[in-house]
Amino acid sequence: MTTLTSALRTSRSGVLAAERSLAMPVRDGTDAQGGKYVDVGAGARVGVIGDNTHVEHQNIEHLHQVMPRRAVNWPVVVGRAPGLASAYQERTAVLDVLDAAAGTVVLRQVVAGGGGVGKTQIAAGQFHHCDADLRVWVLAGTRAAVLDAYAEAAVRLDLADREEAAEARAEAFLGFLAGADRSWLVVLDDLQDPADLTGLWPEGQGRVLVTTRRRDASLSGGGRTVVPVGVYSDQEARTYLTERLGPSYDDLPPDALVEVNELAADLGNLPLALAQAAAVMINDAISTAAYRRRLADRLRGLDEVFPQDADADGYARTVASTWRLAMDAADQIRPAGLAAPMGCLVAGLNPSGIPEGVLTGRAACELLAASTGREEVSAEDARAALRALHRLSLLDHRPAPSDPMAVRMHNLTGRAILADLPAPTTIAAVTRTAADGLLEAWPAIEKDTAMAESLRANSRTLLALSPDALLTATDGAHLALFRCGLSMGDVGLVHAAIAYWTSLARLVEARLGSDHPDTLSSCNNLAGAYESGGDLARAVPLYEQSLADRQRVLGPDHPDTLTSRNNLAHAYESGGDLARAVPLYEQNLADMERVLGPDHPDTLMLCNNLACAYASGGDLARAVSLYEQNLADMERVLGPDDLDTLRSRNNLAGAYELGGDLARAVRLFEQNLADRRRVLGPDHPDTLMSCNNLAGAYESGGDLARAVRLFEQNLADMERVLGPDHPDTLISRNKLGGAYESGGDLARAVRLFEQNLADRQRVLGPDHPDTLISRNNLAHAYESGGDLARAVPLYEQNLADMERVLGPDHPDTLMSCNNLAGAYTSGGDLARAVRLSKQNLADVERVLGPDHPHTLHARNNLAYAYRAGGNLVRAVRLFEQNLADRQRVLGPDHPDTLTSRNNLAGAYASGGDLARAVPLYKQNLADMERVLGPDHPDTLISRNNLAGAYASGGDLARAVPLYKQNLADMERVLGPDHPHTLSARSNLAYAQRQRPKPELNG
């Protein structure tokens, strides 16, 4: 007969499910009192590896699918090539070189030349006139952009699914090209760094065309041909000007073209310069002669506009003069005088793209007003200045306020403008104003990942332009520098954040000194980046050094010092060192109450963190009491709708759930979700996390149908709002996998756990704590499905990794050891299971104490291993001790206590002591129905086990009806194919076969 007793064995996976405040704001900006602050992570989510929960995992799988999976409608065009310019010139000399190699099997050509010579137009002409089956246009400014374009092509050709990683889709596309029997053309436009194409050069019987300003030797190797592109020929330049100005003859002076040849010579036949000159002449209705006179007046004083490495084959000075004239012409367009200072502001920012709001906000308008002597400049005026620059081809403005790349200026144009700034504008003023504009435009919640990346890229551009302007002895480090680093951490770019804070900390120290508050803040934030990346070995010493430095420089009672002490305590807690974390939290709370007062927001936040540390240490009674007090204080001081109040309410709900009070937990989670939707909106990250936590509470309460629906909805929302790689999205995906496993849908659970593990390895790295948790959960899903051949090696690998990364005494390491022992038990390797379980119990008791919930789990599982091995005497003794301890520590109605009572009854039954087993099963079933409800999965299992005890005692008259009722309930609640339902059906069939057959009277 199949029993379900083991299903109530303590679950051996854990979860990062709860939300908590990582730390109070790290003070590093400017607050209302003139102090400085930067929030380094308030509201981060943490959690515990615990009973009946899932711990939070990634290898990049390269997709080599070289044929479309479905029929493709040829020809296919991917990407958008620019249209051909007005008066487009064929560039005969260049085309002859390109066409000469047309018969080559593998044709890879690099069109190289200085800025403004028309490389992109040449490539666009080739692209538009090509009749290949496949044409792909790639903006190759970065390696990421190339990968994204290849990945999009793979989707368009149905070589891969959009959900797959960009690298895998790109490899599938390259694999297709290598073996394709169709004609194809791939254009890689504006390559900035030849190294970006390492491993990404297309191979096969097609054509590759690259445009670039670079002339590195690497571009001519590997079968590639460099095709140099210079300026127009005399004939091409003359033809261009004649054709470009032709449609405007009626608006131009009669002698408009008299000096066309001379003007082309003055401009050095440079296509970009000719285009800008033509625009000025058309807009101002002047002749070529008049334009030449303007140009001549501007030649002096521009020798330094372009350094030697930017010289476009000797024509740089004429290019700079042309840009100056175009700027002057733009400055005459209404509102007059604003185009020049606006051009200077754009020139200081990222040439790849700038959000419009940065250039039309308060800071930008104040600069424009100061530069022109106006009393006020409006956002509409600033936008009009952008349009004026757009008309004169000095920049490209796409009028979409939400476009993160709305404004683009050619890098050479910007460099020329910055080298000839009009008084009173200075590089420092441009840099500081642009940085202020970035801060204004930066959203408090980064929902648009492209916008956030644009803001970060522009911040880095400003730092490279003028570090002196952003790091001054008077003002310290500009807040935009801190916002940039924090943004990286907010979206889960842990490795980029570490690199950024490392560089910034060195730079700030070199400019401002080792004891400057901003230097100390940068070091603190670097420690926070290491902690977010799971590198506690580096985070903790850096936090300790930061605390010592702040105590020495600022004093022990300075708010920044108190913040450092809080952050160090949290790092200790993250590392499982609760013996150091809790006393440090307690000391810091006392100091904050003395220095800042008991009602200060930072004091209230630290009280919340101390409560969380109590919960982590298994002291749920103190945790709940402190959470309840903290929530009441926050509601009184901050109001019921404050973000910190909502977080405190969420954490109290989580404590109720840990304590087994699921009714109160669900009610509070539901209230908090409704409040967050009302206050923050449905797409705020905190709202999404509330939704995730409520789904987890439904799962804990056995309402799997609602839990799965809510998890699925929440995952879709997180992927839409935060992106598929955000740490919160990865947590949500992990939780959904756990819900699928709880619901018996192991096929979907395994697929999702495998995907999440791969994603976490790619995004966070193989040694990040969340990655290790994902690996644990995948192993547990394998074990639940009976695939011990995959489960056991994965558990063993994960335990070794946790011991190496986190240390042998970290709570997650101890839980991983417990899980491996359970897998040995499941596989029948009872000798190893018992040895490992005994060692694990001793370690957990030593590290966490005899009453910690993890210790009680470990003791339960050792007893289960004894029972599985037939050592019922020791099993019963240990089950009895554990039941008594759980009743004392957790209370008689805690779900873990009910589990212990079920397991003790099972041990009695295994030993044939049905006189004690049956009453205990009956009592436990009544308690479960009262506490968890009649349809909770654990209640259904308990009912199955009572029926099994009746059957073992030969009382089939009671066993069979109870089995029948339970089977019907399981089919209704869990579904007909759930593993528990299948076991219940088997048990009923077995009991019915044991019934004596009626005798026939003949």
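Me: In this predicted model, which hand does the crossing of H32 and H34 have?
Reply: The two helices to look at are H32, residues 769-784, and H34, residues 811-826. Their axes sit 11 Å apart in this predicted model. The hand of the H32 and H34 crossing is left-handed.

Me: Are H32 and H34 roughly parallel or roughly antiparallel?
Reply: H32 and H34 pack at an angle of about 15 degrees. Angles under 35 degrees count as roughly parallel, so H32 and H34 come out as roughly parallel.

Me: How do the residues of the contact of H32 with H34 divide by class?
Reply: H32 brings Ile773, Asn776 and Glu783, while H34 brings Asp812, Asn819, Gly822, Ala823 and Ser826. Gly goes with the polar ones here. The split for the contact of H32 with H34 is two nonpolar, four polar and two charged.

Me: What about H26 and H28: are they roughly parallel or roughly perpendicular to each other?
Reply: Take H26 as residues 643-658 and H28 as residues 685-700, with axes 11 Å apart and an angle of about 15 degrees. Their crossing is left-handed. With under 35 degrees as the cut-off, H26 and H28 are therefore roughly parallel.

Me: How many charged residues does the contact of H26 with H28 have?
Reply: On the H26 side you've got Leu643, Arg647, Asn650 and Glu657. They meet Asp686, Ser690, Asn693, Gly696, Ala697 and Ser700 in H28. Sorted by class, the contact of H26 with H28 has two nonpolar and five polar residues, and the charged ones number three.

Me: Which helix gives the largest share of the largest nonpolar core?
Reply: That core holds 74 residues, and Leu568, Leu610, Leu652, Leu694, Leu778 and Leu820 touch the most other members. The largest share of this core is eight residues, and the helix behind it, at residues 601-616, is H24.

Me: And how many residues are in the second, separate core?
Reply: Among its members are Val358, Val377, Leu394 and Leu463. This core is separate from the largest one, and its residue count is 63.

Me: Leaving aside neighbours within four places in sequence, which residues is Leu568 in contact with?
Reply: Leu568 is one of the residues that touch the most other members of the largest nonpolar core. With those sequence neighbours set aside, its contacts are Val540, Tyr543, Glu544, Leu547 and Leu584.

Me: Is Gly223 buried or exposed?
Reply: Gly223 lies in the loop between strand S5 (207-212) and strand S6 (225-228). Leu107 is 116 residues away from Gly223 in sequence, yet the C-alpha to C-alpha distance is 8.2 Å. Gly223 has 60% relative accessibility, and the cut-off is over 50%, so it counts as exposed.

Methods. Residues numbered from 1 in each chain as written. Predicted model: local features only at pLDDT ≥ 70, side-chain atom pairs only at ≥ 80, totals over all residues. Heavy atoms only, no water. Helix = DSSP H or I, 4+ residues; strand = E, 2+ residues; numbered from the N terminus. Buried < 20%, exposed > 50% of the residue type's maximum accessible area, 1.4 Å probe, protein only. Axes fitted to C-alpha atoms, helices over the stretch in contact; angles between N-to-C directions. Parallel < 35°, antiparallel > 145°, perpendicular 65-115°, else oblique. Left-handed = near helix turned anticlockwise from the far one by under 90°. Contact = heavy atoms within 4.5 Å. Core = buried A, V, L, I, M, F, W, Y, C linked by side-chain atoms within 4.5 Å.
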